[in-house]
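Subject: Structure handover

Hello,

Here is the structure I promised to pass on. Please open it first, then read my notes below.

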Amino acid sequence: MQKIRDDITEVRSGLAEKFVMLVGKLTGLERRIEGLESSGGGDTRRIRNELQELKSKARDLTTECDNLRERNMSLEREVRDKVSIIDRLRSRMDQMDESLALNTVKITDLESQRGPRAQHIIHSYNGTLLWKIESYQRKRQDAINGVKSTFLQRSVWLQDVC
């Protein structure tokens with residue numbers, strides 16, 4: 001965003017310099033015209049050609065100034081659009097921070113409900129509760145060997161999670 005502001009400042013500075021240069025050239029042209037008019041005679045064809053050339057240069061400089069103004073307005077629109085996008089992203093980030101804080105509180109509540117005797121830590125992953133099964137290798141091997149056993153896990157209150 002700072003770069004865009006710097007670009008706008010640079011374009012404005014360039015416009016100011018070009019405007020000063022344009023005014024200086026126009027002043028110089030006016031003096032030349034006055035000098036030609038005051039000299040009286042001289043070569044009229046030459047004077048007319050110089051006048052046409054000067055008018056052409058003035059038109060070119062005016063066109064260049066107009067182009068610089070349009071570029072400046074375009075950059076200012078870009079800055080406004082970028083600021084708007086940044087504001088929306090900040091708002092969205094604030095909402096996500098609030099959601100994260102609420103989920104952290106819920107997890108803390110769940111862990112505190114388990115009490116001091118709890119041996120397992122419950123984790124939440126995309127809304128799915130995960131916990132460690134004690135003696136997993138032994139229980140897996142029992143299952144492979146056909147030994148039937150019952151798993152008793154403490155209750156999980158889903159209303160506290162959602």
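The chain exposes about 13500 Å². Carbon and sulfur atoms supply 53% of that area. Please keep in mind that this is a predicted model.

First, the overall layout. The chain has 162 residues, and 14% of them count as buried. Its secondary structure comes to four helices and two strands. Along the sequence, they follow the pattern α-α-β-β-α-α. Take the contacts in the chain with a separation of 6 or more: 57% of them join residues 24 or more positions apart.

Next, helix 2. It covers residues 44–113, which makes 70 residues. How far apart should its ends be? At 1.5 Å a residue, helix 2 should span 104 Å. Its end C-alpha atoms are 103 Å apart, so the two values agree. Several residues of helix 2 are buried, including Ile47, Leu54, Ala58, Leu61 and Cys65. Further along, Asn72, Leu75, Val79 and Leu110 are buried as well.

Now the core. Which residues make up the largest nonpolar core? There are six: Ile4, Ile8, Val11, Leu15, Leu75 and Val79. Helix 1 and helix 2 each supply at least two residues of this core. Helix 1 gives the most, with four residues. One core member, Val11, touches Leu68, Asn72 and Leu75, leaving aside residues up to four places away in sequence.

Helix 1 runs over residues 2–38, and Gly14 sits in it. Is Gly14 buried or partly exposed? Its relative accessible area is 22%, so Gly14 counts as partly exposed; the cut-off for buried is under 20%. The C-alpha atoms of Gly14 and Cys65 are 9.7 Å apart, although 51 residues separate the two along the chain.

Then the charged pairs. How many salt bridges does the structure hold? It holds six. Three of these are worth a look.

- Glu64 and Lys18: the closest N and O atoms of this salt bridge are 2.4 Å apart. Glu64 lies in helix 2 and Lys18 in helix 1, so the pair ties together parts that are 46 residues apart in sequence. Glu64 is partly exposed, with a relative accessible area of 30%. Lys18 is also partly exposed, at 30%.

- Glu50 and Arg32: their side chains meet in a salt bridge of 3.3 Å, N to O. Glu50 belongs to helix 2 and Arg32 to helix 1, so this pair links parts that are 18 residues apart in sequence. A polar contact of 3.3 Å also joins the two side chains. Glu50 is buried, whereas Arg32 is partly exposed at 44% relative accessibility. Not counting residues up to four places away in sequence, Glu50 touches Arg32 and Leu36.

- Arg69 and Asp66: the closest N and O atoms of this salt bridge are 2.9 Å apart. Both residues lie in helix 2, three residues apart, about one turn of the helix. Arg69 is partly exposed at 44% relative accessibility. Asp66 is partly exposed too, at 34%.

In short, helix 1 and helix 2 both feed the largest nonpolar core. The salt bridge of Glu64 with Lys18 ties helix 2 to helix 1, and the pair Glu50 and Arg32 does so too.

Best wishes

Note on methods: Residues are numbered from 1 along each chain as its sequence is written. This is a predicted model: local features need pLDDT of at least 70, side-chain atom pairs count only at pLDDT 80 or more; totals for chains, interfaces and linings use all residues. Side-chain values use heavy atoms; hydrogens and water are left out. The expected span of a helix is 1.5 Å times one less than its number of residues. Buried means under 20% relative accessible area, exposed over 50%, partly exposed in between (1.4 Å probe, protein chains only). A polar contact is a pair of N or O atoms within 3.5 Å; within protein, one must be able to donate a hydrogen and the other to accept it, and residues adjacent in sequence count only if both atoms are side-chain atoms. Contact means heavy atoms within 4.5 Å. Accessible areas come from the Shrake-Rupley method with a 1.4 Å probe; for residues, only the protein chains shown count as cover. A nonpolar core is a set of buried Ala, Val, Leu, Ile, Met, Phe, Trp, Tyr and Cys residues joined through side-chain atoms within 4.5 Å. A salt bridge is a side-chain nitrogen of Lys or Arg within 4 Å of a carboxyl oxygen of Asp or Glu.
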